[in-house]
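Work through the exercises below with the model open beside you. Try each task before you read its solution.

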Amino acid sequence: MWRIFAPPEHNHQKSQPMALRLVRTITELQHFADSIRAEGKSIGCVPTMGYLHSGHASLVSASASENNETITTIFVNPTQFAPTEDLSRYPRDFERDYTLAEEAGCTVLFYPDTAEMYPEGYSTSIQISGITEKFEGVFRPTHFSGVATVVTKLLLAAKPHRAYFGQKDYQQTLVVQRLNTDLNIDCNIIVLPTVREDDGLAKSSRNVYLSPTERQDALALWRALTAVGEAVSAGERRRDALNNVCRKILSEIPAGTIDYAAVARASSLDEPEKFTKGDSVVCLIAVRIGTTRLIDNAIFTIQ
Ligand code: AMP
C-alpha cells in the first residue's frame, strides 16, 4: 500500500505518555502481539538499526497515530553488512533512542541481541531475484538478502498490521513489498517521504561520519536530485540526458566516487532509453565521500 502521510494534528500518545515497554526476546514479542490481536487492536511496526533521528521519528509517529500499539525494533543486523562495511563502527546510543522512540509515540521497543535473532544453528536466508540485482545490489551483493531475511523475521515476530519504511531507502521498499507479497505476510507496507535537513541533506544515521567539509560536499546529492527534477519539468524524457544532469553535479564532489546515479522506472527499476508522459521515475544515487557512503533518491512524473 502506497500513500503520502499527512502528520496528525494531535498525537494522543504525546499528550498522554505511556510507559515504553522494552522487549528483548522474540517469544515475548510474539506473545505480546498475539494478546494485542486477540483484543482486536492494531499493531504498527517500525524496523530500524537505531541511532534514531527525525526520519525514524516520522515513521514512529505515523504508526502511533494509526495503530493502538507501535513496536519499534532496534537491531544492527550483521547479515546486511559485507565484511568490508561499517558494522563495527555503526553508531549506537540506546538511551537516546529509547527517549526519542517514546516521545514519538512508540509503545514497545524490541531490542534483541544477535544471538536472539541468529542463534546457534541458524541456516535460513531470503533471496529475492530481479529488483535486488540492480543499483545497490551491484555494489552490495549480499545486502538485500540480509535485509529481506531480517525484515521477514521482524514481521513474523511483531505480527504487525502495518509496517513503516522510509523512501530514503527506495530500493529496500521495493524489496520489502516483494517479500510481503511473495511470502503472504499479510501486512500493509507503508512508505513515507524522506525527512531532510533544512539544506536538503537526507537525514541518516551515517551523517555523523561526515567531516564539516564532507558535510558541505554532500549537499551535491540534493542539488543533483533537484536538477533532475528541473530537467524533467522542462520536458526532458531521455534517460541518458537525465543521468548526465545528475552525474555532472555529483562529479564535482572533490573526494567523491559515484557508485551509481541513474533514473529508472519507479515501480520496476527498469531503464528504458526514453520515458513517456505520465511515467513515474525514480532518480537513485549512491556516492562515497571519503569513507562515508551516502544514498538518496527522488521520484518524478515525466511531463
Ligand atoms: P535504518 O535505521 O537506517 O535502517 O532506517 C530504518 C528506517 O528508517 C528505514 O525504513 C529507513 O528508510 C527509514 N529512514 C532512514 N532515514 C530516513 C529519513 N531521512 N527519512 C525517512 N525515513 C528514513
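The exercises cover strands, a buried acid and salt bridges.

The model is predicted, so local features need pLDDT of at least 70 and side-chain atom pairs count only at pLDDT 80 or more, while totals for chains, interfaces and linings use all residues. Residues are numbered from 1 along each chain as its sequence is written, and side-chain values use heavy atoms, with hydrogens and water left out.

**Exercise 1. The open sheet**

Find the order of the six strands in the open sheet, and say whether the pairing is parallel or antiparallel.

Solution.
Step 1. Know the terms. Strands (E, at least two residues) and helices (H or I, at least four) are DSSP runs, numbered from the N terminus. Two strands pair if DSSP finds at least two bridges between them.
Step 2. Read across the sheet. The order is β1-β4-β3-β2-β5-β6, and the pairing is parallel.
Step 3. Look at the edges. β1 (21-23) and β6 (188-192) each have a single partner strand, so one side of each has no neighbour in the sheet.
Step 4. Add the twist. From one strand to the next it averages 25°. Axes here are lines fitted to C-alpha atoms, for helices over the stretch in contact, and angles run from 0 to 180 degrees between N-to-C directions.
Step 5. Check one edge. Three bridges join β1 to β4 (residues 108-110). Val23 has Phe110 of β4 as its bridge partner.
Step 6. Find the helix on the sheet. α7 (residues 143-158) packs there and touches β2 (43-48), β3 (69-74), β4 and β5 (162-166). Its direction makes about 150° with that of β2.

**Exercise 2. A buried acid**

Glu69 has no salt bridge: which side chain of opposite charge is nearest?

Solution.
Step 1. Place the residue. Glu69 lies in strand β3.
Step 2. Check its cover. Glu69 is buried. Buried means under 20% relative accessible area, exposed means over 50%, and partly exposed is in between (1.4 Å probe, protein chains only).
Step 3. Sort the charges. Lys and Arg count as positive, Asp and Glu as negative; His and the chain ends are not counted.
Step 4. Apply the rule. A salt bridge needs a side-chain nitrogen of Lys or Arg within 4 Å of a carboxyl oxygen of Asp or Glu. For Glu69 the nearest side chain of opposite charge is Lys41, 5.5 Å away.
Step 5. Look for a polar contact. This is a pair of N or O atoms within 3.5 Å; within protein, one must be able to donate a hydrogen and the other to accept it, and residues adjacent in sequence count only if both atoms are side-chain atoms. The side chains of Glu69 and Thr107 make one at 2.7 Å.
Step 6. List the surroundings. Contact means heavy atoms within 4.5 Å. Beyond four places in sequence, Glu69 is in contact with residues including Phe32, Ile36 and Val108.

**Exercise 3. Strand β8 and its partners**

Which strands pair with β8, and in which sense?

Solution.
Step 1. Start with β7 (residues 256-265). It pairs with β8 in the antiparallel sense over nine bridges. Tyr260 stands opposite Ala286 in β8.
Step 2. Go to β9 (residues 292-301). β8 and β9 pair in the antiparallel sense over ten bridges. Val282 stands opposite Ile299 in β9.
Step 3. Inspect the turn. The hairpin of β8 and β9 has two residues between the strands, and Gly290 takes a positive phi near 60°.
Step 4. Check the cover. Eight of the ten residues of β8 (residues 280-289) are buried.

**Exercise 4. Salt bridges**

How many salt bridges are there, and which residues form a network with Glu85?

Solution.
Step 1. Count. The total is 18 salt bridges.
Step 2. Take Glu85 and Arg140. Their closest N and O atoms are 2.7 Å apart. Glu85 is in the loop between β3 and α4 (94-104), and Arg140, 55 residues apart from it, is in the loop between α6 (136-139) and α7. Glu85 is partly exposed at 23%, whereas Arg140 is buried at 10%.
Step 3. Take Arg288 and Asp259. The closest N and O atoms of this salt bridge are 2.9 Å apart. It links β8 to β7, across 29 residues. Arg288 is partly exposed at 34%, while Asp259 is buried at 11%.
Step 4. Join them up. Glu85, Glu136, Arg140, Asp259, Arg288 and Arg293 are linked in a network of salt bridges.
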